[in-house]
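Grab a pencil and work through these short exercises with the structure open beside you. Try each task before you read its solution.

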Amino acid sequence: MAKNHEECIHMICLAGDGHFLYNKRPVSFCSGNILIMPRGSEIEELWVSDDIEVEILLADERFLHNQLPANHYGIGGAIALYQDPVIAVCEEDAAIFRQDIHRIKERLDHTEHHFYDQLLGSMALTMMYDLFEFHAKLHASDLYTDRNTDIVKRLMLLLSTGTTKTRREVGYYANELGVSMKYLSETVKRQTGNTVMDFIVQYTKPIIIEYLNNPRLSVAQIANALNFTTSNYFTRYCIKHLGMSPTEYRAAHQPKN
């Protein structure tokens, strides 16, 4: 599942303990902890005990986001996880998570499957919703209690209404929120590690995919519906953010002959 993009680390600690710096913040973990780190490159000064035992799944972050609907818990949860990537789980939830990653690993080599991408995508989506549930049970009521994250909450609420279908400019959202572009950009980056445009793209991709999955619509019709100035611009946007052109996406998601 991992390709040439940022990999998201999913790890469960089965024994031992360790600590490291993530986003320049100290993180400690022990047996019974799940760790989710979309930006593995930000891990520094890793130390683990001699009896450490972990299970890890690396997944392409873009692949994972492409499985999710536009309005989903993961966007808000990512804010809290960037601050603290550790989720303490009970034995039952730990077993569920291990089953999820085992199912994915068991099917990775089944590339001859006519619906290979959809197969992996459905199992990845199941894993993500299980992780959302584990995190929500611990943190859902606290996701936005910090006053400093209020602007991020308001941005997410605005994005979740589907505005990115036609509006994908950072300036538009700054104006809607009544703040400057600089303030919005710096606040979102500081609180989440991502840019405003990263979130705009994350909400836009599922909308594009939903349109591309409708065979009755031409690429030109989709580009017009999504307020792209030209079909060529829409194609370049898809290549950049989906990793392939609209035509290639449709061909790749048809059953293999």
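**Exercise 1: Two unusual backbone angles**

Glu 45 has a relative accessibility of 64%, so it counts as exposed. Keep in mind that this is a predicted model.

Task: Find out where Glu 45 sits and what its phi is.

Solution:
- Step 1: Look up the place of Glu 45, and you land in strand β5, residues 43-48.
- Step 2: Check the backbone: phi of Glu 45 is near 50°, a positive value, and the residue isn't a glycine.
- Step 3: Why does that catch the eye? Because most residues other than glycine have a negative phi.

Task: Now do the same for Asn 227: where does it lie, and is it buried or partly exposed?

Solution:
- Step 1: Asn 227 lies in the loop between α9 (219-225) and α10 (231-242).
- Step 2: Its phi is positive too, about 65°, although Asn 227 is not a glycine.
- Step 3: The relative accessible area of Asn 227 is 45%. Partly exposed covers the range between 20% and 50%, so Asn 227 is partly exposed.

**Exercise 2: A strand and its partners**

Task: Work out how many residues of strand β1 are buried, and which strands pair with β1.

Solution:
- Step 1: Go through residues 7-15, which make up β1: seven of the nine are buried, so the strand is largely enclosed by the rest of the structure.
- Step 2: Strand β6 (residues 53-60) pairs with β1 in the antiparallel sense, over eight bridges.
- Step 3: Strand β4 (residues 33-37) also runs antiparallel to β1, joined to it by four bridges.
- Step 4: Zoom in on Met 11: its bridge partner in β6 is Ile 56, and in β4 it is Leu 35.

Technical notes:
Residues numbered from 1 in each chain as written. Predicted model: local features only at pLDDT ≥ 70, side-chain atom pairs only at ≥ 80, totals over all residues. Heavy atoms only, no water. Buried < 20%, exposed > 50% of the residue type's maximum accessible area, 1.4 Å probe, protein only. Helix = DSSP H or I, 4+ residues; strand = E, 2+ residues; numbered from the N terminus. Pairing = 2+ DSSP bridges.
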